[in-house]
Amino acid sequence: MRQLIRARTLSFHADPQETENAFTYHEDGAIITENGKIAAIGDYAALRAPDLPEIDHRPHLILPGFIDPHLHFPQVQVIASWGAQLLDWLNTYTFPAEGRFADPGHATLMADAFLRLLLSHGTTTAVAFCSSHPQSAEALFTAAHARNMAMIAGKVMMDRNAPQAICDTPQQGYDDSKALIAKWHGTGRQRYAISPRFAITSSPEQLQMTGQLVREHPDCHIQTHLSENLAEIDFTLSLYPKARDYLDIYESHGLLGKNLLLGHSIHLHPREIARMAETGSRAIFCPTSNLFLGSGLFDEAGLRAAGVMSGIATDIGGGTSYSMLQTLNEGYKVLQLRGQKLHPLAAFHWVTRGNALALGMEAQIGTLAPNSDADLVVLNSRATQAMALRMETVETLAEELFVLQILGDDRAIAQTYVAGRPML
Ligand SMILES: [Zn+2]
């Protein structure tokens with residue numbers, strides 16, 4: 001089906017931190033979608049045609065759908081759990097909640113709720129850890145495939161330092177991942193992420209088999225955690241006494257490369273940063289989680305200067321909001337504490353094209369370029385009384401974006417399109 005969507009449109013074709021000519025904005029713009037893809041984008045006057053069905057979202061602003069490159073599907077009922085830092089928080093709240101995902105009925109119910117939450121917050125693609133039970137990944141892929149939503153997910157691999165009910169074994173983790181890859185990787189818009197939770201919960205044998213999976217499936221993503229919290233780092237290094245540093249554990253098992261997404265990456269040594277840059281491994285900044293769990297302050301400018309590409313993500317349920325707008329709000333504040341600035345143009349680039357680049361998927365998602373998948377978010381900059389009042393004095397696009405970045409949340413999401421279909 002061919003349709004025209006009319007609104008103000010904004011899409012980035014370059015990084016605003018690297019060039020002034022980074023985006024295209026149409027004040028009276030239009031996007032033509034056809035068969036789930038963007039067929040054309042431009043001025044409404046140039047694209048309108050007789051008999052072409054039109055949806056009018058004026059005066060709202062359309063961007064590519066938001067991309068959330070790190071969060072945990074089985075933690076939908078863990079978000080907002082009080083009073084702990086990382087290791088206690090995992091043992092007290094997270095591990096018991098993940099145990100419930102052994103039940104396929106629970107996993108199916110939660111998958112539906114999870115995707116509805118993402119869409120109501122304008123997020124159209126996410127990279128998600130599931131529980132160690134293959135049925136949790138099965139439920140999430142099934143629900144995402146039914147919506148034609150691009151999901152990257154994997155069953156978590158963990159064989160120690162957690163309750164038996166949520167552990168696998170090196171062989172079981174390998175076999176279950178292999179079966180899920182065969183069934184789901186490349187099925188419609190679904191992609192598989194090989195998912196060792198982190199070095200604390202994976203034995204050397206399991207990381208060795210993870211490396212084998214990575215060699216056998218070089219086009220899959222790999223997601224894990226790195227240097228989130230100081231107690232975590234100490235415990236990790238005590239488990240791998242021969243490792244030069246935390247990253248070396250993943251490096252020595254063959255996991256580094258452009259497909260590796262390293263959640264948090266806060267407390268890094270120069271050698272680790274240099275190896276991440278050399279191998280193209282990605283750092284994923286999770287500001288609401290880092291503040292909530294008191295983990296530390298991400299060094300965006302330092303990593304950028306060293307040549308490491310970063311994504312930005314919610315990290316539900318250590319993170320405290322599904323909203324990528326609220327994630328940018330907290331990200332702005334974390335970087336303020338670092339003496340760094342998150343300009344609104346850079347911020348909106350980050351949650352769209354920037355995260356797509358981090359995933360190596362910028363040809364499919366993250367921009368409004370023709371032939372991209374028609375995943376869109378429609379933003380209402382006057383969604384609340386506070387925003388509407390502030391908007392009365394706003395004069396530039398960058399100022400408007402900053403209002404959305406600081407004050408926006410799911411109330412600012414007027415509509416979300418997945419492959420050309422409205423989802424709200
Ligand atoms: Zn995480």
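**Figure 1. Strands β6 and β7 pair in parallel.** This close-up comes from a predicted model. Strand β6 covers residues 123-130. It is joined to β7 by 5 bridges, and the two strands run parallel. Look for Ala-126: its bridge partner in β7 is Met-151. What connects the pair into a β-α-β unit? Helix α4, residues 134-146, forms the unit together with β6 and β7. The unit is right-handed.

**Figure 2. Strand β7 also pairs with β8.** Here β7 meets strand β8, residues 191-196. The two run parallel and are joined by 4 bridges. One pair to find is Met-157 and its bridge partner in β8, Pro-196. Helix α5, residues 170-184, belongs to this view too. With β7 and β8 it makes a right-handed β-α-β unit.

**Figure 3. Strand β7 is enclosed.** Strand β7 spans residues 151-157. How many of its 7 residues are buried? The count is 7 of 7, so the strand is largely enclosed by the rest of the structure. Its parallel partners are β6 and β8. In a regular strand, side chains alternate between the two faces of the sheet.

**Figure 4. Four residues hold the zinc ion.** Three are histidines: His-70, His-72 and His-225, each using its NE2 atom. The fourth is Asp-315, which uses OD. The donors sit at 2.1 to 2.4 Å from the zinc ion. In sequence, their spacing reads H-x1-H-x152-H-x89-D. Are His-70 and His-72 buried or exposed? His-70 is buried, with a relative accessible area of 2%. His-72 is buried as well, at 4%.

**Figure 5. The zinc site has an irregular arrangement.** Why is the arrangement irregular? The 4 donor atoms subtend angles of 89 to 169° around the zinc ion. A tetrahedral site needs all angles between 85 and 135 degrees. The upper value of 169° lies outside that range, so the site does not count as tetrahedral. For reference, the ideal angle for four tetrahedral donors is 109.5 degrees.

**Figure 6. Arg-244 and Asp-248 form a salt bridge.** The closest N and O atoms of this pair are 3.0 Å apart. The two partners contrast in accessibility. Arg-244 is exposed, with a relative accessible area of 56%. Asp-248 is buried, at 9%. The structure as a whole holds 23 salt bridges.

**Figure 7. A salt bridge links helices α8 and α9.** The side chains of Arg-275 and Glu-251 meet here, at 2.7 Å from N to O. Arg-275 lies in helix α9, residues 270-279, and Glu-251 in helix α8, residues 246-252. The pair therefore ties together parts that are 24 residues apart in sequence. Arg-275 is partly exposed, with a relative accessible area of 25%. Glu-251 is buried, at 18%.

**Figure 8. Arg-275 also meets Glu-278.** This salt bridge has an N to O distance of 2.6 Å. Both residues belong to helix α9. They are 3 residues apart, so about one helical turn separates them. Glu-278 is exposed, with a relative accessible area of 57%. Which residues share one network of salt bridges? Asp-245, Glu-251, Arg-271, Arg-275 and Glu-278 are joined through shared partners.

Definitions and conventions: Residues numbered from 1 in each chain as written. Predicted model: local features only at pLDDT ≥ 70, side-chain atom pairs only at ≥ 80, totals over all residues. Heavy atoms only, no water. Donors = N, O, S within 2.8 Å, 3.2 Å for Na, K, Ca; no water. Tetrahedral: all angles 85-135°; square planar, octahedral: opposite > 155°, others 65-115°. Buried < 20%, exposed > 50% of the residue type's maximum accessible area, 1.4 Å probe, protein only. Pairing = 2+ DSSP bridges. Right-handed = clockwise from strand over helix to strand, strands pointing away. Salt bridge = Lys/Arg side-chain N within 4 Å of Asp/Glu carboxyl O.
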